[in-house]
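Work through the exercises below with the model open. Try each task before you read its solution.

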Amino acid sequence: MELAPHSLWYHEEALPQTRLRTIVRRLPALVRTALKLAWKASPADTAATIGLNVIVGLLGAVGLLATTGVLDALLTGGPAPDRLRAAMPALIGVAAALTARSLLQSTAAWTQSRLKPRVDRLAERRLFELTTAVALRAMDDADFYDAMQRARSRGARGAALVVDAGVGLITSAAGIAAAAGTLAVLHPVLLPLLLVSVLPAGWATAHSARMQYQVIYKLSTSMRRQWILSDLMADRRPAPEIRAFGMRDFLLEQYDDVARLSENAHVDLARRQALARFAGEATNGVVAAFVYAALGVLLMAGAVPLAIVGGTVLAIRMGRSSLSALVGAANDVYDEGLYFSDYLDFCKEAEHRTSQHRLGLPAPEFAGVEVHEVSFTYPGAERAALRDISLKIGKGEVIALVGENGSGKTTLAKIIAGLYEPDSGTVLWDGAPLALLDRDAVRQKIAMIPQDHTPWPLTARQNITAGVDIDDDAVIGAAELAGIHRTIEELPEGYDTLLDPRFKMGHELSGGQWQRVAAARGFCRRAPLLLCDEPTSALDPRAEHAFFDSIRHFAETDPAAPQAIVLITHRLTSVLMADRIYVLAGGRLAESGTHPELMDLGGLYASLFKLQAEAYTP
Ligand SMILES: Nc1ncnc2c1ncn2[C@@H]1O[C@H](COP(=O)(O)OP(=O)(O)O)[C@@H](O)[C@H]1O
Ligand SMILES: [Mg+2]
């Protein structure tokens with residue numbers, strides 16, 4: 001069975017930005033951005049690396065000229081001891097230049113390798129600063145998600161590699177300048193030949209890098225699919241289901257589907273790259289032979305003396321190696337630059353999607369929330385998840401949201417919490433539009449027990465405090481309220497037990513226990529508004545009853561208790577006491593009122609309630 005048509009995982013469209021000319025135009029900007037990043041990571045190391053490498057290039061030129069001096073002294077007439085004596089100063093010059101050059105080269109290599117881990121960390125941290133700040137909606141956008149994965153998997157590392165390659169570019173440019181300068185002093189005729197001789201290999205490497213990038217770009221979605229599948233097959237959470245449902249063959253088939261796509265693309269890439277390299281090398285050999293033949297002809301014709309020819313050969317060799325280093329470095333900048341551009345583009349896009357800092361602060365006293373004609377559609381979805389929803393949450397109220405699966409309850413809760421911005425309509429927080437208020441300040445006023453809570457690989461205490469500095473009494477109080485305190489106390493390290501069995505000394509909780517931890521996290525916040533999204537879905541009916549009792553008790557007795565509670569639940573007996581019940585159906589508000597009012601109405605709520613009541617009576 002073919003559940004995954006290739007078109008889903010394969011980008012067919014061409015890549016306009018990989019045209020060679022465009023890339024050459026982008027090189028300087030890329031190097032500049034990378035060097036700026038390097039400078040930010042460590043100004044001293046950046047300056048030392050570039051400065052030292054330029055001096056290394058200059059010393060190369062000094063060495064070449066001194067070598068020509070040595071040859072000149074040795075090849076002119078006169079007795080051998082005299083010639084040697086004449087060559088002595090130049091010889092010392094060569095030795096000094098070469099020694100200094102090697103020493104400085106090693107120092108430069110050291111400062112350069114100090115730079116890499118720093119740039120790596122800086123680039124990756126920037127990435128995570130953005131991924132944790134972008135509007136939640138961006139995470140539901142498949143294109144954004146792809147871009148994020150590309151930036152994560154190679155783009156961030158690209159920063160340090162572009163820095164490396166950029167330094168290589170500057171270094172080899174200095175080497176070429178030195179060789180070309182020497183050559184110009186000795187015999188300028190061979191200068192253009194030298195340049196021509198390296199171009200074929202340069203073209204081949206640049207071309208094959210471009211082909212590689214295109215393949216990786218086209219495969220980015222399929223590779224993401226492949227990672228997701230590999231994660232599922234080698235993770236402990238899905239492991240029981242894979243076995244219980246006999247999903248092994250099915251998953252392997254799915255894996256083969258995407259993995260073979262990647263395999264074929266890479267095998268084909270290898271063939272095309274080999275062809276390009278072969279063509280480049282062949283042309284390169286012919287051109288090099290031509291260069292040396294031309295040099296021979298010049299010597300035979302007596303156009304240049306032997307000492308100069310010797311110096312020229314050395315300069316050409318140094319120039320050639322610098323030039324191929326330059327082509328290699330340019331190619332690396334270009335190659336890694338493509339990934340680095342992905343990273344930069346992603347950062348720009350993410351910055352754009354990060355909600356701007358707002359000026360307004362929420363009122364100090366909680367007065368209530370009003371949702372006014374809110375509509376919302378998930379990115380890429382055909383149907384709206386919410387349409388024209390209006391409701392009120394007053395101070396001191398318990399509001400219930402009920403409705404069947406997919407009716408939009410979770411989405412509405414996230415909009416009330418300011419996690420999603422509605423497409424139209426407004427959410428008023430204490431009378432002020434949520435969109436104009438400072439996000440962080442509003443979030444501090446909301447506690448959420450989300451439906452899809454995360455089992456953080458942290459200690460029990462950290463799972464409850466969520467990284468906020470909260471005193472032990474409050475943590476224990478929240479845990480007691482959620483009915484998880486005793487369980488945590490009985491763990492080997494109590495509240496300091498790591499709740500992740502993938503690590504030594506780590507502990508696992510059951511689904512219901514995890515849900516209670518998530519509830520404790522919500523209670524611990526002591527925020528005026530508490531949003532509970534199916535907080536008891538994993539609890540048994542008795543535990544659920546006790547849970548709601550304790551919430552009610554908390555709300556009535558504790559001064560730190562929330563001033564309004566929004567309760568989403570399937571168990572309709574739990575919402576009997578709510579001040580108002582809103583019934584959602586297909587993203588619309590179907591009914592609202594108190595339990596008796598809705599029962600009198602005899603609509604959707606009444607039928608759902610009767611259905612459940614029947615299920616519980618024998
Ligand atoms: N992240 C998402 N991206 C796209 N569609 C979503 C997403 N989350 C939920 N939906 C869709 O929005 C609708 C409402 O979902 P939700 O609010 O989770 O319903 P409920 O909580 O009432 O079960 C459903 O049709 C669901 O498929
Ligand atoms: Mg839900």
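**Exercise 1. The surroundings of ligand 1**

Task: List the residues that surround ligand 1, then find polar contacts to ligand 1 and state how much of its area the protein buries.

Solution. The model is predicted.

Step 1. Ligand 1 is surrounded by Asp 140, Tyr 378, Ala 385 and the residues Glu 404, Asn 405, Gly 406, Ser 407, Gly 408, Lys 409, Thr 410 and Thr 411.

Step 2. Start with a side chain: a polar atom of Tyr 378 sits 3.4 Å from a nitrogen atom of ligand 1.

Step 3. Turn to the backbone. Ser 407 places a backbone N or O atom 3.2 Å from an oxygen atom of ligand 1. For Lys 409, a polar backbone atom is 2.9 Å from an oxygen atom of the ligand.

Step 4. Now the area. Ligand 1 exposes 560 Å² when taken alone, and the protein buries 64% of that.

**Exercise 2. The magnesium site**

Task: Which protein atoms are donors of the magnesium ion (ligand 2), and where do their residues lie?

Solution.

Step 1. The protein donors are OG1 of Thr 410 and OE1 of Gln 451, at 1.9 to 2.2 Å from the ion.

Step 2. Thr 410 lies in helix H12 (residues 409-416), while Gln 451 is in the loop between strand E6 (446-449) and helix H14 (460-465), so the pair ties together parts 41 residues apart in sequence.

Step 3. Check exposure. Thr 410 has 18% relative accessibility and counts as buried, because the cut-off is under 20%. Gln 451, at 35%, is partly exposed.

Step 4. Link back: Thr 410 is also among the residues that surround ligand 1.

**Exercise 3. Aromatic pairs**

Task: Classify the ring pairs Phe 340 with Tyr 343 and Phe 366 with Trp 429.

Solution.

Step 1. The structure holds 9 aromatic pairs. Phe 340 and Tyr 343 are 5.9 Å apart, centre to centre, with 10° between the planes. Planes under 30 degrees apart count as stacked, so this pair is stacked.

Step 2. Both residues belong to helix H11 (residues 306-353), 3 residues apart, about one turn of the helix. Phe 340 is buried at 1% relative accessible area, and Tyr 343 is buried at 3%.

Step 3. Phe 366 and Trp 429 have ring centres 5.5 Å apart and planes at 75°, so they are edge-to-face. This pair links distant parts of the chain: Phe 366 is in the loop between H11 and strand E1 (368-376), Trp 429 in strand E4 (residues 424-429), 63 residues apart.

Step 4. Phe 366 is buried at 3%; Trp 429 is buried at 1%.

Step 5. Ring pairs also join Phe 376, Tyr 378 and Tyr 420 into a cluster. Tyr 378 appears again among the surroundings of ligand 1.

Conventions:
Residues numbered from 1 in each chain as written. Chains lettered and ligands numbered in written order. Predicted model: local features only at pLDDT ≥ 70, side-chain atom pairs only at ≥ 80, totals over all residues. Heavy atoms only, no water. Phe/Tyr/Trp six-rings, centres within 6.5 Å; stacked < 30°, edge-to-face > 60°. Helix = DSSP H or I, 4+ residues; strand = E, 2+ residues; numbered from the N terminus. Buried < 20%, exposed > 50% of the residue type's maximum accessible area, 1.4 Å probe, protein only. Donors = N, O, S within 2.8 Å, 3.2 Å for Na, K, Ca; no water. Near = heavy atom within 4 Å. Polar contact = N/O pair within 3.5 Å; in protein donor to acceptor, adjacent residues only side chain to side chain. Areas by Shrake-Rupley, 256 points an atom, 1.4 Å probe, with all protein chains shown as cover.
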